[in-house]
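Here are a few short exercises to work through with the model open beside you. Try each task before reading its solution.

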Amino acid sequence: MLRYKLKQKVNKHVIIRKYLSSDCKHLIKLFYNTVHTINAKDYTNEQLNVWASGNTDIDKWNLSLSEHFTLVAVKNDIIVGFGDIDQTGYLDRLYVHKDYQNQGVATAICNKLESRYSVNKITVHSSITAKLFFVHRGYKVIKEQQVTKMGIALTNYVMEKHI
């Protein structure tokens with residue numbers, strides 16, 4: 001059973017708390033499953049496989065998540081989402097478990113991340129799938145870009161929100 005100090009309730013069952021190193025393997029699994037289900041409508045299997053290969057370096061992820069301000073959403077002892085931002089205002093990751101989409105989890109995490117640092121703008125490299133979520137939050141598309149991983153191009157959007 002997972003035990004955490006409760007930080008913020010999204011609803012009566014979801015809490016938002018700071019990242020713990022022991023979360024990393026769970027976040028990697030959530031990342032993989034979310035990409036391969038939720039993002040499957042906008043990307044090919046080949047693109048999904050290079051984006052989330054299943055061979056994520058847990059030590060690299062833990063270091064990155066630990067260096068950034070990282071939040072985790074938990075419901076009934078299940079990690080249902082996470083996100084992180086660095087000190088420059090770069091929102092690096094924001095993922096919600098496939099079974100907990102459209103329940104306010106991403107919004108609650110994003111609200112906390114965006115208010116963490118005193119920066120003039122927040123920048124994100126949004127997937128096709130997440131683009132509308134960020135547009136609704138006041139982000140503007142700066143440019144569409146092709147990111148190449150292992151020789152496979154993936155479309156994403158550099159987006160900014162001025163604070």
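**Exercise 1. Decide whether Lys112 is buried, partly exposed or exposed.**

Solution. This is a predicted model, and Lys112 is a good place to begin.
- Step 1: Take the relative accessibility of Lys112, which is 36%.
- Step 2: Recall the cut-offs: buried is under 20% and exposed is over 50%, with partly exposed in between.
- Step 3: Lys112 therefore counts as partly exposed, given its 36%.
- Step 4: Now place the residue: Lys112 sits in helix α4, which covers residues 105-114.
- Step 5: For a sense of distance, compare positions with Ala40: the two are 72 residues apart in sequence, and their C-alpha atoms lie 28 Å apart in space.

**Exercise 2. Do the same for Thr44: where is it placed, and is it buried or partly exposed?**

Solution.
- Step 1: Thr44 belongs to the loop that links α1 (24-37) with α2 (45-51).
- Step 2: Its relative accessible area is 43%, so Thr44 is partly exposed.
- Step 3: Between the C-alpha atoms of Thr44 and Ala106 there are 24 Å, with 62 residues separating the two along the chain.

**Exercise 3. Work out the order of helices and strands in the protein.**

Solution.
- Step 1: Count the elements: there are five helices and eight strands.
- Step 2: Walk along the sequence to get β-β-α-α-α-β-β-β-α-β-α-β-β.

**Exercise 4. Which radius of gyration does the protein have, set against that of a compact globule?**

Solution.
- Step 1: For 163 residues, a compact globule would have a radius of gyration near 15 Å.
- Step 2: The protein has 15 Å, so the two agree.
- Step 3: Add the extents of the C-alpha trace, about 40 × 35 × 30 Å along the principal axes.
- Step 4: Look at the interior too: 47% of the 163 residues are buried.
- Step 5: Turn to contacts with a separation of 6 or more, where 62% are between residues 24 or more positions apart.
- Step 6: Finish at the surface, where about 9100 Å² is accessible and carbon and sulfur atoms hold 49% of that.

**Exercise 5. Describe the largest pocket and its lining.**

Solution.
- Step 1: Start with the volume of the largest pocket, about 1200 Å³.
- Step 2: It is lined by 44 residues, and those closest to its centre are Asn39, Trp51, Leu94, Tyr95 and Ser127.
- Step 3: Sort the lining by class: 22 residues are nonpolar, 17 polar and five charged.
- Step 4: Ask which element gives the most to this lining: strand β5 (residues 90-96), with six residues.

Conventions:
Residues numbered from 1 in each chain as written. Predicted model: local features only at pLDDT ≥ 70, side-chain atom pairs only at ≥ 80, totals over all residues. Heavy atoms only, no water. 1 Å grid on protein atoms, 1.4 Å probe; cavity = no way out; pocket = protein on both sides within 12 Å on 5 of 7 lines; lining within 4 Å. Points joined across faces, edges and corners; volume = space filled by probe spheres on them. Helix = DSSP H or I, 4+ residues; strand = E, 2+ residues; numbered from the N terminus. Nonpolar A, V, L, I, M, F, W, Y, C, P; charged D, E, K, R; others polar. Buried < 20%, exposed > 50% of the residue type's maximum accessible area, 1.4 Å probe, protein only. Rg over C-alpha atoms; globule rule 2.2 N^0.38 Å. Contact = heavy atoms within 4.5 Å. Areas by Shrake-Rupley, 256 points an atom, 1.4 Å probe, with all protein chains shown as cover.
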